[in-house]
Amino acid sequence: MDKITLLQTKRIILGVTGSIAAYKAVDLASKLTQTGALVDVIMTEAAQRFVTALAFQSVTGRPVYTNLWHADHSGGLPTHIAHVGLGEGADLMLIAPATAQTLAKLAGGFADNLLTVTALAARCPVAVAPAMDGGMYLHMATQANLQLLQERGVTLIEPDEGRFASGLVGRGRLPETPALLGHIRRMLGRSGPLAGCGVVVTAGGTSEAIDPVRFITNRSSGKQGYALAQAALDAGAAVTLISAAHNLPTPVGAALIPVESAREMLDAVLDHSKNADVLVMAAAVADFRPETVAEQKIKKNADDDSGISLQLARNPDILIAVKALRQSTGYPRLAVGFAAESENLLANARSKLERKGLDLLVANDISAQDAGFAVDTNRVTILDAAGGQQELPLASKAQVSEAIIERVSALLGTA
Ligand code: CTP
């Protein structure tokens with residue numbers, strides 16, 4: 001698990017209560033620690049029946065808090081104010097899994113264990129991730145408690161649907177670690193430099209139909225676009241992700257608009273850019289499409305070996321259409337493009353920036369093995385409209401995305 005800039009040195013209180021899903025909280029604590037966060041775990045007595053404090057201590061490398069009264073459980077803080085000390089310095093408190101019992105206590109303002117006391121004392125944002133049997137989750141008592149907690153500003157992380165330990169099926173499963181991490185990032189990013197900004201990101205390679213079963217596409221994986229959407233979310237933006245890649249998990253908080261072809265992507269981009277502050281075109285849009293799409297599957301002729309020819313038509317250039325939109329409406333306020341080049345990188349990139357009227361252009365050399373399509377790293381140069389160029393070292397697509405979003409924030413004057 002890579003470090004996540006947003007989580008570096010953030011203090012997170014992870015409250016764990018007595019559900020079988022408590023074992024998943026060990027993984028969450030581990031991943032959070034790996035991303036760079038400082039994780040203080042508070043366990044209820046019931047939680048300790050499912051997993052041990054030692055498990056959490058082992059993955060976080062920090063003391064685990066289990067008891068309101070015992071001095072040796074206070075992790076160096078004076079016992080009688082452990083809850084205040086924990087709550088005070090925290091950036092976020094997440095209770096995962098949160099049982100029906102703990103939710104009821106929180107709704108009632110009860111303070112009978114270190115976890116509930118800390119929740120009352122905490123001044124940071126609080127989130128709950130309920131985990132329980134489907135019937136218990138849907139019970140009016142639980143729903144009323146959740147309603148009340150949300151009215152008081154607590155964030156509810158909805159449970160997943162699926163199979164329970166009891167064998168029953170319903171809604172009440174604790175979401176998996178990546179989803180929980182996504183919710184945490186969303187909450188911590190809220191006051192970032194792009195708070196209040198709308199960012200549209202496109203991702204993936206469009207596919208252009210030949211017949212009902214065949215299409216032409218390209219090698220784009222969508223990874224860079226998805227990483228950009230996540231970086232924009234981390235910076236607090238409202239993100240719309242227009243995606244032609246269908247195998248990647250949607251970053252928590254992004255509104256996903258799935259598309260297939262360049263023309264579908266064009267319609268979606270124009271529609272969503274109308275009021276957006278920023279458009280980032282990371283998608284690899286097919287420049288050509290089959291001129292006609294066969295209604296039925298194209299069959300080969302059994303009697304001869306001859307091939308067929310595909311006549312290709314030009315696809316619209318989405319960024320050129322966006323340039324016209326910007327000239328008439330002023331939106332999107334900023335446009336960022338990518339240039340995938342296999343030769344004359346900077347010269348070709350500069351002319352693309354000018355032709356498409358972009359504020360920033362991210363140039364990448366797709367002939368390099370460690371950069372470009374499908375791999376997790378990228379080596380890019382960011383060109384700007386003022387003639388500047390910033391060469392970034394080989395970095396993960398997440399780090400490249402953060403650098404791009406930083407430049408975007410600087411241009412918007414929000415950094
Ligand atoms: N792009 C677009 N519409 C297209 C093709 C590309 O909006 N029909 C966008 C891409 O999303 C990218 C930028 O334009 O942000 C440059 O894409 P690239 O494929 O490098 O360049 P092309 O304009 O297609 O030019 P060429 O393929 O001739 O290099």
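In what order do the strands of the open sheet of 6 strands lie? In this predicted model, select β1 to β6: the order across the sheet is β3-β2-β1-β4-β5-β6, and the pairing is parallel. The edges are formed by β3 (64-65) and β6 (155-156), each of which pairs on one side only.

**Within the sheet**

Next, select β4 (residues 92-98) together with β5 (residues 126-130). These two strands run parallel and are joined by 4 bridges. Show Ile95 as sticks, and Val128 of β5 will be found opposite. As a general point for viewing, side chains in a regular strand alternate between the two faces of the sheet.

**The loop after β1**

Move to Thr17, which is located in the loop connecting β1 (11-16) with α1 (22-35). Is Thr17 buried or exposed? Its relative accessibility is 0%, so Thr17 counts as buried. Draw a distance from the side chain of Thr17 to the backbone oxygen of Pro97, and the value is 2.6 Å. Then display the surroundings: beyond its neighbours within four places in sequence, Thr17 has contacts that include Ala22, Thr44, Ala47, Ile95 and Thr102. Leu115 is also in contact with Thr17, and Leu115 is one of the buried residues of α6.

**Helices α5 and α6**

Select α5 (residues 100-108) and colour its buried residues, namely Ala100, Thr102, Leu103, Lys105, Leu106 and Ala107. The elements covering these buried residues include β4, α6, β5, α7 (134-138) and α8 (140-151). Continue along the chain to Gly109, which follows α5 and has a positive phi near 75°.

The next stop is α6 (residues 114-121). Why can this helix be described as largely enclosed? Of the 8 residues in α6, 6 are buried, so the rest of the structure largely encloses the helix. The residues to highlight here are Leu114, Leu115, Thr116, Val117, Thr118 and Ala119. At the N-terminal end of α6, select Asn113, which acts as a cap: one of its side-chain oxygens lies 3.1 Å from the backbone nitrogen of Leu115.

**The β7-β8 hairpin**

Select β7 (residues 160-163) and β8 (residues 169-173). This pair runs antiparallel and is joined by 4 bridges. Asp160 has Arg173 in β8 as its bridge partner. The two strands form a hairpin, with 5 residues between them. In the turn, pick Gly167, where phi is positive at about 95°.

**The ligand site**

Finally, centre the view on the ligand. How many residues surround the ligand? There are 14, and the closest are Met281, Ala283, Phe338, Lys352 and Lys356. By class, this shell comprises 9 nonpolar, 1 polar and 4 charged residues. Two elements to select are α12 (318-329) and β17 (334-341), each of which supplies at least two residues of the shell. β17 gives the most, with 4 residues.

Three distances to oxygen atoms of the ligand may be drawn:

- From an N or O atom in the side chain of Asp287, the distance is 3.0 Å.
- From a backbone N or O atom of Phe338, the distance is 2.8 Å.
- From a backbone N or O atom of Ala340, the distance is 3.1 Å.

With a surface displayed, consider the cover: on its own the ligand has 560 Å² of accessible area, of which the protein covers 79%.

Technical notes
Residues numbered from 1 in each chain as written. Predicted model: local features only at pLDDT ≥ 70, side-chain atom pairs only at ≥ 80, totals over all residues. Heavy atoms only, no water. Near = heavy atom within 4 Å. Polar contact = N/O pair within 3.5 Å; in protein donor to acceptor, adjacent residues only side chain to side chain. Areas by Shrake-Rupley, 256 points an atom, 1.4 Å probe, with all protein chains shown as cover. Nonpolar A, V, L, I, M, F, W, Y, C, P; charged D, E, K, R; others polar. Buried < 20%, exposed > 50% of the residue type's maximum accessible area, 1.4 Å probe, protein only. Pairing = 2+ DSSP bridges. Contact = heavy atoms within 4.5 Å.
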